Amino acid sequence: MLPAASPQSCSTRLQVLQTSRTRTSHFQCSSDWVKGGAWVHCDESVQATVTSTVEPLPILYVDDYTVLEEVPKLTDLRRGDHCVVGLNPVRKLVPFIDSLLMELGSWEVLRCYHHFVVVDDVCSIDKKGKPLREDGAPAMICEYSNTPAGAVHSLFKRGLMETLRDVAAFHKLELHDYTTASMNGVFRVKKSLTNEDRDRIVADCQALTANYAPYDLLFTNCESAAFFLSRSGKASGRFVSPQIPWALWSILRVTFAAAGSLTLLYMPQRNDVLSRECASFWGQQDRIPMADANGEVPDDELYQLSALWLHVAYHVFCTVPVALQTEIHLVRAAVHLTEQRERLGHVAYYHLIAKEVSRAILVGGLATFLVAIMPQFVHDTGLVGNARAVAMLAYTVIGLIYAGLVQLFMRAMRLLGYGVPVPIFKRIKEPKAE
């Protein structure tokens, strides 16, 4: 049972929270370096050290630009916050699945997200775990959404065509509709919003509920609406849906791998090569050309050339896309994070950089290596089906394992009281002008 906070103290608490965030942001963006261990010279102009923190650290969204922070307490949520939870297409059908997907989102194993905008300050949590606003009413959110049960009800009430035209309405919903499954796995987009920004976002949400464009999976969805509504200042807003190109590229990469791995079916295997070499040896001894089942004499040069082109086709369709996706993600993350370095602060910035570099080395490097050796694996073992599965799924599976292990390591270090280690770098000497 969760204790309920005092509603009448909500305004005061929000002011203190806002002041605390401002001070924290100012400290993180200052030029003062965090305290770590001994500084080690990397070269004549760069030093490095390792610090640690027990504070929650942000994660990077699939667009390699947006930074998310998990909400430790629901009472930290304020109106205008852009939030995400793990995508759940069967929401409210099986409570266990709802809870599981929220937890998988918290552990970064589920990296497909549903987006919504908070329209009320969360001031307290009642004894049943329901987030409440200052007047004691349920805290609300705005989003494009539906449930399987809601879709079936709409189908019988409005008919098939009307349901397809408006499969998910933009509407207000209780925040508790998601947090009833688990209070973990609620992430907030990290950005600075003034009270005027928050009021405008809420007003825009209210207006959109009355007059919204029909839901469209590719263009007008929960993600694009949340990004557009949660703009700050006089910015025009980003009506974008980064998960769509990310998902399409992932599907395209797997499709390429499925097509390219077909070449493994025709690559020579050790038993075939040994039989061929044996037959060729005895044929040369007897001076008799060896013929195949059709009575034709095989051409060794043509045989080798075919094997070469099979290898080339395999690597172009299977190995190169994995290596390319790894490099693109790393370059985009480095560029985008560097642009936000001052806003993020040194600890968050270097944590995310170290995490993405490690992901590129461990996930991209290992996946590329495993995919690249599959032709030799087939040659040695003849296990074509296993090799095709590795070629198509290695990058995705290793990425999920990496994300889960990183979260496990960070949570264990916090639990043990050591804190999460973060490498910090600084320049100590400006290069001499020529």
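**Sheets, rings and cysteines in a predicted model**

Arg411 lies over the face of Trp107, at 4.3 Å from the ring centre. The structure that holds this contact is a predicted model, and the paragraphs below lead from its sheets to its aromatic rings and its cysteines.

The sheets provide a starting point. Strands of a sheet pair through backbone hydrogen bonds, either parallel or antiparallel. One open sheet in this model consists of three strands in the order 1-2-12, and the pairing is antiparallel. At its edges stand strand 1 (40-41) and strand 12 (420-427); each has a single partner strand, so one side of each is left without a neighbour in the sheet. Strand 2 (residues 46-53) and strand 12 run antiparallel and are joined by eight bridges. Within strand 12, Val422 is the residue that stands opposite Thr51. A helix also meets this sheet: helix 12 (residues 346-372) lies across strand 2 and strand 12, and its direction makes an angle of about 105 degrees with strand 12.

Another open sheet has seven strands, in the order 3-4-11-5-6-9-10, again with antiparallel pairing. Here the edges are taken by strand 3 and strand 10 (169-174), and each of these has a single partner strand, so one side of each is left without a neighbour in the sheet. In the order of the strands, strand 6 stands between strand 5 and strand 9, and it deserves a closer look.

Strand 5 (residues 82-86) is joined to strand 6 (residues 113-118) by five bridges, and the two run antiparallel. Cys83 has Phe116 of strand 6 as its bridge partner, while Gly86 stands opposite Tyr113 of strand 6. Towards strand 9, two bridges make the connection, and these two strands also run antiparallel. There, Val117 stands opposite Cys142 in strand 9.

Are the residues of strand 6 buried or exposed? Six of its six residues are buried, and the strand is thus described as mostly covered. The side chains can be sorted by direction: Tyr113, His115 and Val117 point one way from the strand, whereas His114, Phe116 and Val118 point the other way. Both groups are buried. Helix 6 (residues 195-210) packs on this seven-stranded sheet and touches strand 6, strand 9 (140-145) and strand 10. The direction of helix 6 makes about 120 degrees with that of strand 10.

The cysteines Cys142 and Cys205 can be considered next. Cys142 is buried, with a relative accessible area of 1%, and Cys205 is buried as well, with a value of 0%. Why do the sulfurs of Cys142 and Cys205 form no bond? The sulfur of Cys205 is the closest cysteine sulfur to that of Cys142, yet it is 4.6 Å away, which is too far for a bond. A disulfide requires the two sulfur atoms to lie within 2.5 Å. The count of disulfides in the model is zero.

The aromatic rings add another kind of contact. The model contains 11 aromatic pairs. In one of them, Tyr61 and Phe227, the ring centres are 6.3 Å apart and the planes stand at 55 degrees, so the pair is tilted. This pair links distant parts of the chain: Tyr61 belongs to the loop between strand 3 (59-60) and strand 4 (67-70), Phe227 belongs to helix 7 (residues 222-229), and the two are 166 residues apart. Tyr61 is buried, with a relative accessible area of 1%, and Phe227 is buried at 6%. Ring pairs also join Tyr61 and Phe227 with Tyr113 and Phe187 into a cluster. Tyr113 is thereby a member of this cluster as well as a buried residue of strand 6.

Phe228 and Phe239 form a further pair, with ring centres 5.7 Å apart and planes at 75 degrees, so this pair is edge-to-face. Phe228 lies in helix 7 and Phe239 in the loop between helix 7 and helix 8 (243-260), so the pair ties together parts that are 11 residues apart in sequence. Phe228 counts as partly exposed, at 31% relative accessibility, and Phe239 also counts as partly exposed, at 46%. Phe228 has a charged companion too: the charged end of Arg231 sits over the ring of Phe228, 4.7 Å from its centre.

Methods:
Residues are numbered from 1 along each chain as its sequence is written. This is a predicted model: local features need pLDDT of at least 70, side-chain atom pairs count only at pLDDT 80 or more; totals for chains, interfaces and linings use all residues. Side-chain values use heavy atoms; hydrogens and water are left out. Rings of Phe, Tyr and Trp (its six-membered ring) pair if their centres lie within 6.5 Å; planes under 30 degrees apart count as stacked, over 60 as edge-to-face and the rest as tilted. Helices (H or I, at least four residues) and strands (E, at least two) are DSSP runs, numbered from the N terminus. Buried means under 20% relative accessible area, exposed over 50%, partly exposed in between (1.4 Å probe, protein chains only). A charge sits over a ring if NZ of Lys or CZ of Arg is within 6 Å of the ring centre and within 35 degrees of the ring normal. Two strands pair if DSSP finds at least two bridges between them. Contact means heavy atoms within 4.5 Å. Axes are lines fitted to C-alpha atoms, for helices over the stretch in contact, and angles run from 0 to 180 degrees between N-to-C directions.
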